[in-house]
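Me: I'd like to learn how to read helices and ring pairs from coordinates. Could we go through an example together?

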Amino acid sequence: MTTAPEILQAGIDAMADRAATRDADQERSMARAVAIFNAAKGTALSERDGWEFMVCLKLARAQGGGHNPDDYVDGAAYFSLAGESADAASAASSTLR
């Protein structure tokens, strides 16, 4: 049995592994990916929208096929990144006031 704290810790570990793979303190490519998508499609998605899309992708995958713990590990990590992005956007908008 996997516990909720174990899933969250696995998400933290996955983010650290991805950062190490990218030779960076943290792997944060969503802002760039959303900017490219917005330019190509003429949309106005935010970074948070991108992370929330990834949460939806993981939910869809979790509902199809057999159980894969990766769906929940990545989903937890993506949702935390969405929260981080929302907090940063909120802080930025409050400093503009």
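Me: Happy to start with helix 1: how many residues does helix 1 have, and what is its reach from first C-alpha to last?

Reply: Bear in mind that this is a predicted model. A simple check sets the end-to-end reach against a rise of 1.5 Å a residue. Helix 1 runs over residues 4-21, which makes 18 residues. Its first and last C-alpha atoms are 26 Å apart, close to the expected 26 Å.

Me: Which residues of helix 1 are buried?

Reply: The general idea first: with 3.6 residues to each turn of an α-helix, residues three or four places apart point the same way. In helix 1, the buried residues are Gly11, Ala14 and Ala19. They span an arc of only 135 degrees around the axis, so they sit on the same side of helix 1. Pro5, Asp17, Ala20 and Thr21, on the other side, are exposed.

Me: What covers the buried residues of helix 1?

Reply: The cover includes helix 4, residues 69-95. Seen from helix 4, its buried residues pack against helix 1 and helix 3. Among those buried residues are Val73, Ala77, Tyr78 and Leu81, and the polar Asp71, Asp74 and Ser85 are on the list too.

Me: How does the span of helix 4 compare with what 1.5 Å a residue predicts?

Reply: The two agree: the 27 residues of helix 4 should span 39 Å, and its end C-alpha atoms are 40 Å apart.

Me: What caps the N-terminal end of helix 4?

Reply: For a cap, look for a side chain that reaches a backbone atom at the helix end. Here Asn68 does the job, with a side-chain oxygen 3.0 Å from the backbone nitrogen of Asp70. Pro69 belongs to helix 4, and its relative accessibility of 48% makes Pro69 partly exposed. From Pro69 to Phe79 is ten residues in sequence and 16 Å in space, C-alpha to C-alpha.

Me: Now for the rings: how many aromatic pairs are there?

Reply: The count is one. To classify a pair, look at the distance between ring centres and then at the angle between planes, where under 30 degrees counts as stacked. The ring centres of Trp51 and Tyr78 are 5.9 Å apart and their planes meet at 25 degrees, so this pair is stacked.

Me: Where in the chain do Trp51 and Tyr78 lie?

Reply: Trp51 is in helix 3 (residues 47-63) and Tyr78 is in helix 4, so the pair links distant parts of the chain, 27 residues apart.

Me: And are Trp51 and Tyr78 buried or exposed?

Reply: Trp51 is buried at 5% relative accessibility, and Tyr78 is buried at 13%.

Terms used
Residues are numbered from 1 along each chain as its sequence is written. This is a predicted model: local features need pLDDT of at least 70, side-chain atom pairs count only at pLDDT 80 or more; totals for chains, interfaces and linings use all residues. Side-chain values use heavy atoms; hydrogens and water are left out. Helices (H or I, at least four residues) and strands (E, at least two) are DSSP runs, numbered from the N terminus. The expected span of a helix is 1.5 Å times one less than its number of residues. Buried means under 20% relative accessible area, exposed over 50%, partly exposed in between (1.4 Å probe, protein chains only). The arc is that of the directions from the helix axis to the C-beta atoms. Contact means heavy atoms within 4.5 Å. Rings of Phe, Tyr and Trp (its six-membered ring) pair if their centres lie within 6.5 Å; planes under 30 degrees apart count as stacked, over 60 as edge-to-face and the rest as tilted. A polar contact is a pair of N or O atoms within 3.5 Å; within protein, one must be able to donate a hydrogen and the other to accept it, and residues adjacent in sequence count only if both atoms are side-chain atoms.
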